[in-house]
Amino acid sequence: MAYTIIAAQRHPHGAWRLPDYDRTCATFTWDEARSRMSGLPGGGLNMGFEAVDRHVEAGHGDWEALRCVAADDSVTHVSYADLAADASRFAHVLDDLGAAPQERVFTLLGRRRELYTAALGTLRSRRVLCPLFSAFGPEPVRQRLALGDARVLVTTEALYRRKVEEIRHRLPGLAHVLLVGPVADPPPGTAVLDRLMARASPVFSVPPTGPEDMALLHFTSGTTGTPKAAVHVHEAVVAHHATAAFALDLGPRDVYWCTADPGWVTGTSYGIIAPLTHGATLVVDEGEFDVHRWYRILDSQKVAIWYTAPTAIRMLMRATPRDGHGLPGPYDLSSLRFVASVGEPLNPEAVVWGQQVLGLPVHDNWWQTETGAIMIANYASGDIRPGSMGRPLPGVRAAILERGQDGRAAVTGGHVRQVPHPGVEGELALRAGWPSMFRGYLNEQGRYDACFADGWYLTGDLARRDEDGWFWFVGRADDVIKSAGHLIGPFEVESALMEHPAVAEAGVIGRPDPVVGAVVKAFVSLRPGCRPDDALRRELLAFTRRRLGPAVAPREIAFDQNLPRTRSGKVMRRLLRARELGLPEGDLSTLESRSDGT
Amino acid sequence: MTHDEALAMIRAVIEEAVPGADLAAVPPDEPFRERLEMDSLDFLTFVELLGGRTGLALPEQDYGALATLDGCADYVASRTGGPPAAPS
């Protein structure tokens, strides 16, 4: 192993919330975790109630829930009582609009106070929250609003004009668009949220909610077909709460900063729900990524727990290398107690960089949209094996399954088999049944059923387990691209390219990149008469960026009139990847995109 | 380089970093990153291209000066020996 094991961290002034991994694993049960929830006064379980109401009812309404840092560094403090009142007003607004329980409320927002208002008002009133990424272009936004049966959309005037106005006529089910923040001139078919909120009562009783009622929808991408909307239920809060204590050491009044965009599952599970259930104080950064800004926030807000992404860590590493002069200014990070990352594998160098530059190693962990909560992690109280995902959370059983011809877990007569020895690669699988496991893909039972075999959830990730039980990510078992921690479905990108009149065919892959893991690269063959020149290349880049947005659009386009195809005519992305990486084209088993940049 | 020369070059560099960027929609004195939906990677590409085109070293601590088109132009003009724009 190139990097030595980093010994367990000592807690600066107390005890870790998971002091003894093996002991907790032996005794932990999800029933015990369920009993730590307050539950609704009349019975039942509601995620929003656990996040906000229970602190207010316990007399902690004055605790600081949100600390919103504006782009100009000014800070707004929001107490749990304020947050409850905001969320109550929003719930009444939904009632007044006639949105029924279980109907979908989408957000298309950056990190800002109103995101929390909308999320918690939606959950507390038994509607379903579906956050979208504001860097999506109009087409991904339209597709997700349509697939998720959006009834209400909460966004800003600028985002509405840029991404929604032109597609609104194709969304007949979208009855209400609520605009937050300053609105200069509300477009037709929109309403100004502030005005509606001003008339609404700040008191709202959470209605009876069952633990299996739908609470969240999160879109994720597959290799083929449309994006899938993973359904999570209110009971997921049990796992959000327990895992945040175990894997992030979160507790009451901890100042906590999750840098994930609210449009991705991390931004909801650990950017909203989990920390609030613990009574923590959430730093809400409304500004752009900027190295100095980030160090400044860690310092000035006295952040204790920081949950970020490998891509962000690697961008900080570029600016403040390990062999440089340390932090780029007189920043005091002494309040920082625990640093974790998620999104794609954290390269060993980044773990060590954290130790030297931040003063703390970075603890990587692993989970997916479908798992709803952290499943495998490096813990504060345990050793870190740099480059490893860590070990399964208490209550989570993970295994490495033998693979079949198609690269996925082999299912024979309804049964799967675990690999015979440590160190053997296979598909990572989780024993089904933890509280935050997704309960379906909305309106797609077949795709949901295909994710399970023999009582296991098949993750689509390839991994191996070492002889001591640490898991190591190897790659994806399919063609999905992981860029900056986000999954991008190649099919979505190829479809957009094919809509350009010059494009005959397209194949899209992830090209390994040292900072973001993988960048989206498209190989395109042109229709007769079209010239493969730089002007067309730029036109295609602009065309896809306009439709898909910067989060999904390809960054590189190569022309290739001879795209490799299967006999049935499908473009072989694996072969494109092999050519791109200079690997032998015959050896397809080793071509999974290694997104850890090592 | 004068302010206007720098401004023209910066617009060209942004267009190269962000194909299809709607520069007409960006007032020169307003931050352009959010308006053009430039993520961190786009911004890095922009900074690298700008450094290559001007021969200037662009350290992280100066990124704050590169938030607006005017800011960029002033920065480049002053470091390449040109006069800053007259206050308008």
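Is Arg253(A) to be counted as buried, exposed or partly exposed, and at what relative accessibility? In this predicted model, Arg253(A) has a relative accessibility of 48% and therefore counts as partly exposed, a class that ends at 50%. The residue lies in the loop between α9 (236-248) and β10 (255-258) of chain A, and its phi is positive, at about 65°, although Arg253(A) is not a glycine. Most residues other than glycine have a negative phi. A second residue of this kind is Ala484(A), which is not a glycine either but has a positive phi of about 50°. Ala484(A) is placed in the loop between β23 (481-483) and β24 (486-488) of chain A, and with a relative accessible area of 24% it is likewise partly exposed, since the buried class is confined to values under 20%.

Positive phi values also occur at glycines that follow helices of chain A, one of them being Gly98(A), which comes after α4(A) and has a phi near 85°. Helix α4 of chain A comprises the 18 residues 80-97, for which a rise of 1.5 Å a residue predicts a span of 26 Å; the C-alpha atoms at its ends are 26 Å apart, so the expected and modelled values agree. The buried residues of α4(A) are Tyr80(A), Leu83(A), Ala84(A), Ala85(A), Asp86(A), Ala87(A), Ser88(A), Phe90(A), Ala91(A), Val93(A) and Leu94(A). Residues three or four places apart in an α-helix point the same way, because there are 3.6 residues a turn.

Among the buried residues of α4(A) are Asp86(A), Ala87(A) and Phe90(A), and these three are touched by Thr117(A), which is also in contact with Met197(A) when residues up to four places away in sequence are left aside. Thr117(A) itself belongs to helix α5 (residues 113-124) of chain A, and its relative accessibility is 3%, so that it counts as buried.

Helix α17 of chain A, formed by residues 573-581, has as its buried residues Arg573(A), Leu575(A), Leu576(A), Arg577(A) and Ala578(A). The cover over these buried residues includes α15 (490-498) together with the strands β25 (503-513) and β26 (517-526) of chain A. After α17(A) comes Gly582(A), a residue with a positive phi near 70°.

Turning to the interface, 20 residues of chain A are in contact with 20 residues of chain B. The two chains bury about 1,700 Å² between them, with 48% of this area on carbon and sulfur atoms. On the side of chain A, the residues that lose the most area to chain B are Arg162(A), Arg538(A) and Arg545(A), which together account for 30% of what that side buries.

Seven salt bridges are found across the interface of chain A and chain B, and one pair joined by a salt bridge is Arg555(A) and Asp39(B), whose side chains meet at 2.6 Å, N to O. Polar contacts across the interface link eight residue pairs in which both members have pLDDT 80 or more. The elements giving two or more residues to the side of chain A that touches chain B are α7 (157-164), α11 (291-300), α12 (310-319) and α16 (534-548) of chain A, and the largest share, four residues, comes from α16(A). By class, this side of chain A has ten nonpolar, two polar and eight charged residues.

Definitions and conventions:
Residues numbered from 1 in each chain as written. Chains lettered and ligands numbered in written order. Heavy atoms only, no water. Contact = heavy atoms within 4.5 Å. Buried area = accessible area lost by both parts, 1.4 Å probe. Salt bridge = Lys/Arg side-chain N within 4 Å of Asp/Glu carboxyl O. Polar contact = N/O pair within 3.5 Å; in protein donor to acceptor, adjacent residues only side chain to side chain. Nonpolar A, V, L, I, M, F, W, Y, C, P; charged D, E, K, R; others polar. Expected span 1.5 Å × (residues − 1). Buried < 20%, exposed > 50% of the residue type's maximum accessible area, 1.4 Å probe, protein only.
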